[in-house]
Amino acid sequence: MALELTAAERDVLSGGGGVAAAMAMRILVEAASMMGASKLVEITSAHIDGCLYHGDGGVEFAEALVAGEGRVAVPTTLNVGALDLLHPDRVRGGEHHTRMARRQMDAYRRLGCEPTWTCAPYQAGHRPGVGEQVAWGESNAVAFANSVLGARTERYGDFLDACCALTARAPLAGLHTDAARRATVVVDATGVPASLKDRDVFYPVLGTWLGLELGRDVCVIAGIPPDVDEDSLKALGAAAASTGAVALFHVAGVTPEAPTVEAALGYTVPERTVVATAGRLLGALARLSTAPEGAAEIDAVAVGSPHFSIEEFSRLLGLLDGRRVRVPFFACTGRHVVAELEASGALATLEGAGVEIVADTCVVVAPILPSAGGVLMTCSGKFAHYGPANTGHEVVFGSLEDCVESAVAGRVRRDPEIWSW
Amino acid sequence: MVTGRVLVDGEAVGPLLCLRAPISLWGGVDPRTGRVSDPRHPDNGRSVAGTVLAIPGAVGSSSSSAVMLELIRNAVAPAAVLLDRSDAILALGVVVARELGHPTVPVVELSLERIRGVPQGTTLKVVAGGRISWPEADDIHLGATR
């Protein structure tokens with residue numbers, strides 16, 4: 001299927017919108033052909049993941065767009081960078097890392113993006129509506145925008161997110177279209193004990209299993225409580241988008257395109273049904289920890305992937321209950337949350353308890369952890385997944401309660417009762 | 001010989017490395033060395049540099065395009081990539097590399113069923129149009145004595 005462009009799009013391609021817009025359109029057109037799109041679709045917003053420094057190529061790309069006088073054509077938020085601009089000493093990269101990471105972040109700002117520096121832009125006020133066509137990068141943000149908000153985006157990688165933002169276009173393919181958004185797999189979670197489904201720790205584990213089980217298939221999950229909170233869905237999506245390529249999941253009775261299981265399936269027969277059994281979930285739970293069974297020592301605790309919300313900080317404060325942590329405890333979040341914490345006085349309380357706030361970035365994308373190795377405890381499925389490769393730490397996964405109790409005790413404390421089935 | 005769908009056209013030769021599990025290049029391959037760096041991946045420690053890399057599924061991070069670009073810039077990229085299912089994220093890193101004037105890497109969408117039985121390390125040749133060929137078993141044998 002050949003890609004058809006409008007007259008305006010052809011004009012941008014031939015340089016009518018400037019050098020950078022033409023480069024963005026060339027890359028977009030190539031991507032659209034790969035994705036099998038027959039045309040482009042106009043978008044209303046973008047979220048760019050490409051501001052994180054992985055090497056000098058990313059800087060080269062962003063600065064090429066700036067040199068070509070590029071400017072985003074739709075409201076665009078930015079994902080994390082590789083520096084904590086609020087706490088410059090937090091990231092202990094070398095001189096080259098610091099300089100290049102800064103240049104990359106600056107370049108995206110000069111393209112007209114909003115310096116939000118968060119992987120949870122949807123909790124920083126960027127919330128497109130149901131059916132809205134957008135182009136988002138960052139795998140967890142993609143899953144959240146599609147699933148929880150009902151907006152429409154494909155999984156846009158670094159560079160393509162920026163090309164969409166500069167041209168206000170995305171390939172009309174995949175999850176931008178009705179057909180691809182229909183669930184083909186039913187996930188039956190009705191047999192999971194209600195007491196477990198009330199715990200936040202259940203959701204990243206469910207997501208970890210789903211990512212492995214689904215790959216990139218679209219599912220509808222049955223049996224999730226209708227009052228499940230947004231942070232739980234955020235954790236589910238982030239984990240499923242780490243172990244798999246899940247970009248859209250429906251939750252029957254909860255998410256906008258799934259009033260019922262049947263509606264999410266488009267009133268067709270599912271290709272398969274998978275059951276969330278104790279064995280499968282306990283298998284996913286076990287996979288999240290890489291430290292030897294019974295490991296007692298921990299070197300650090302990290303929470304906040306995706307970035308911690310104000311509600312999650314409230315829970316953290318409640319669990320700390322005035323106690324002080326005995327191992328380094330990092331809570332990663334966006335500057336939108338830091339400002340709220342500061343205004344309410346909670347920031348001082350957290351810092352007094354020994355919690356180190358990481359803003360604009362996080363511990364698996366930047367060198368922040370105090371040692372190059374050791375054991376990291378976390379309640380984030382995404383940290384647990386990427387931690388070993390990116391930080392060199394072994395991981396112990398537990399609930400937020402487990403993380404707090406362990407940090408206060410200075411040793412691993414996990415409540416196995418949560419998982420008795 | 002088999003023919004796949006071209007995502008990025010080009011020519012390359014290299015030994016086949018068929019990964020045994022899906023991978024996220026970000027968090028899965030070290031962009032400086034080209035080695036698989038995910039301790040949970042069955043091919044952890046292997047180098048993808050210079051190989052015809054067959055990937056049974058691209059998963060995970062949307063930063064995988066950036067890792068592909070870095071692999072190319074650092075001259076530790078695969079010679080070619082065969083993707084079981086089309087993935088624009090991975091291929092886009094190659095498109096951007098070319099746009100910035102760096103070497104290109106052919107990327108072909110191909111059901112890996114079609115190269116099942118081809119031993120790891122067999123020299124695969126990728127030519128324009130997504131055609132992939134390799135010496136048949138007899139040729140490999142003859143090649144040793146010729």
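**Exercises on a predicted two-chain model**

H9(A) is mostly covered, with 12 of its 13 residues buried (20 or more other C-beta atoms, placed from the backbone, within 10 Å of a residue's own). This is a predicted model, in which local features need pLDDT of at least 70, side-chain atom pairs count only at pLDDT 80 or more, and totals for chains, interfaces and linings use all residues. Residues are numbered from 1 along each chain as its sequence is written, while chains are lettered from A and ligands numbered from 1 in the order in which they are written.

**Exercise 1.** Compare the expected span of helix H9 of chain A with the distance between its end C-alpha atoms.

*Solution.*
1. Helix H9 covers residues 202–214 of chain A; helices are DSSP runs of H or I with at least four residues, numbered from the N terminus.
2. The expected span is 1.5 Å times one less than the number of residues, so the 13 residues of H9(A) should span 18 Å.
3. The end C-alpha atoms of H9(A) are 18 Å apart, which agrees.
4. Buried residues of H9(A) include Phe202(A), Trp209(A) and Glu213(A).
5. Gly215(A) follows H9(A) and has a positive phi, near 65°.

**Exercise 2.** Find which strands stand at the edges of the open sheet in chain A.

*Solution.*
1. The open sheet has 3 strands in the order S3-S2-S4 (chain A), with parallel pairing; strands are DSSP runs of E with at least two residues, and two strands pair if DSSP finds at least two bridges between them.
2. Strand S3 (76–78) and strand S4 (135–136) of chain A each have a single partner strand, so they stand at the edges.
3. Strand S2 (residues 46–48) of chain A pairs with S3(A) over 3 bridges, and Ala46(A) has Thr76(A) as its bridge partner in S3(A).
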